[in-house]
Amino acid sequence: FQGIFSGPAEYRGLGANGKIIDIEANAEFVRAVDGAPSNFVIIIREISERKRFTAAQQHNALVQKVLKEITEATLLSTSLDELYEKVHQWVGLVLPAKNFYIALLEKDSEEIDFPYCVDETQTLPRRRPVGKGLTEYVLHQGKAVHVNLEEFNELCDAGIIELRYGNIKQEWLGAPLTDAK
């Protein structure tokens, strides 16, 4: 029996409210005078908050690493196509990025060009006139925009966005990037 039940171990279980929680169980033998195990004590504590905090720290560290990699690639890439693909791969490490595109606003022609596009619906054209899409919405906002399906439908109902190409299935995230060129 020596050491079989000693030391902490982590488990998942159901809390009193029926939700899954993380717990740490620490068990030790109570020994008789002769050293033989006569009983054991188990201490259980909930560690869900600690686990969430640790996961958030790890995610933040990964985001910082990805941003560093994107910055370095921007300086070292030999072609934009290579850079776009690398950015997609790195973003996919921190966010779901099954569908991903880079859109360039061509002010002279008033068109939006999609030099890099991975789209499972294959509904996005390579170029399109400027209109009232999510891309334009992000440009008008001038900051990162996160839209869930309910918000997307509200924007469409309000006429802020006109759906022309595909649809969002759950969530959409866009961020404007500016370039001196």
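This is a short tour of a predicted model, stop by stop.

**Stop 1: a nonpolar patch**

Select Val30, Val41 and Ile43. These residues form a nonpolar patch on the surface. Together they have about 240 Å² of accessible area. Now keep only Val30 selected. Val30 sits in strand β2, which covers residues 20-31. Is Val30 buried, partly exposed or exposed? Its relative accessibility is 37%, so Val30 counts as partly exposed.

**Stop 2: a salt bridge between two strands**

Stay with strand β2 and select Glu24. Add Arg45. The two side chains meet in a salt bridge, at 2.9 Å from N to O. Arg45 belongs to strand β3 (residues 37-46) and Glu24 to strand β2, so this pair ties together parts that are 21 residues apart in sequence.

Show the surface around both partners. Glu24 is buried, because its relative accessible area is 12%, and the cut-off for buried is under 20%. Arg45 is partly exposed, with 45%.

Next, widen the selection. Add Glu10, Arg50 and Lys51. Which residues are linked with them in a network of salt bridges? Glu24 and Arg45, the pair you already have on screen, belong to this network with Glu10, Arg50 and Lys51. How many salt bridges does the structure hold? The count is 11.

**Stop 3: a salt bridge inside one helix**

Go to helix α2, residues 80-94. Select Glu82 and Lys86. Both lie in this helix, 4 residues apart, which is about one turn of the helix. Their side chains meet in a salt bridge of 3.0 Å, N to O. Glu82 is partly exposed, with 27% relative accessibility. Lys86 is partly exposed too, with 30%.

**Stop 4: β5, β6 and the loop between them**

Select Glu111 and Arg127. Their side chains meet in a salt bridge (2.9 Å, N to O). Why does this pair tie together parts that are 16 residues apart in sequence? Because Glu111 lies in strand β5 and Arg127 in strand β6. Glu111 has a relative accessible area of 24% and is partly exposed. Arg127 is partly exposed as well, at 37%.

Now follow the chain from β5 (111-118) towards β6 (127-129). Stop in the loop between these strands and select Asp119. Is Asp119 buried or exposed? Asp119 counts as buried, because its relative accessibility is 18%, and buried means under 20%. Show its contacts. Leaving out residues up to four places away in sequence, Asp119 touches Asn99 and Leu124.

**Stop 5: two cysteines**

Select Cys117 and Cys156. A disulfide is a covalent bond between the sulfur atoms of two cysteines. How many disulfides are counted here? The count is 0. Cys117 is in no disulfide, and the nearest cysteine sulfur, that of Cys156, is 18 Å away. Why is there no bond from Cys156? The closest cysteine sulfur to that of Cys156 is in Cys117, and 18 Å is too far for a bond. For a disulfide, the two sulfur atoms must be within 2.5 Å.

Check the surface at each end. Cys117 is partly exposed, at 28% relative accessibility. Cys156 is also partly exposed, with a relative accessible area of 22%.

**Stop 6: both ends of helix α4**

Select helix α4, residues 149-157. Look at its start and pick Asn148. A side-chain oxygen of Asn148 reaches to within 3.1 Å of the backbone nitrogen of Glu150. Then move past the helix. Gly159 follows α4, and its phi is positive, near 80°.

**Stop 7: Glu171**

Keep Asn148 on screen and select Glu171. Where is Glu171 found? Glu171 is in strand β8, residues 171-174. Its relative accessible area is 53%, so Glu171 is exposed.

Show the neighbours. Not counting residues up to four places away in sequence, Glu171 touches His146, Val147 and Asn148. Zoom in on His146. The side chains of Glu171 and His146 make a polar contact of 2.4 Å.

For the last view, add Lys68. Glu171 and Lys68 are 103 residues apart along the chain. Draw a line between their C-alpha atoms. The separation is 25 Å.

Definitions and conventions:
Residues numbered from 1 in each chain as written. Predicted model: local features only at pLDDT ≥ 70, side-chain atom pairs only at ≥ 80, totals over all residues. Heavy atoms only, no water. Patch = residues over 30% accessible without salt bridge, like charges linked within 9 Å, V, L, I, M, F, W, Y side chains within 5 Å. Areas by Shrake-Rupley, 256 points an atom, 1.4 Å probe, with all protein chains shown as cover. Salt bridge = Lys/Arg side-chain N within 4 Å of Asp/Glu carboxyl O. Buried < 20%, exposed > 50% of the residue type's maximum accessible area, 1.4 Å probe, protein only. Polar contact = N/O pair within 3.5 Å; in protein donor to acceptor, adjacent residues only side chain to side chain. Contact = heavy atoms within 4.5 Å.
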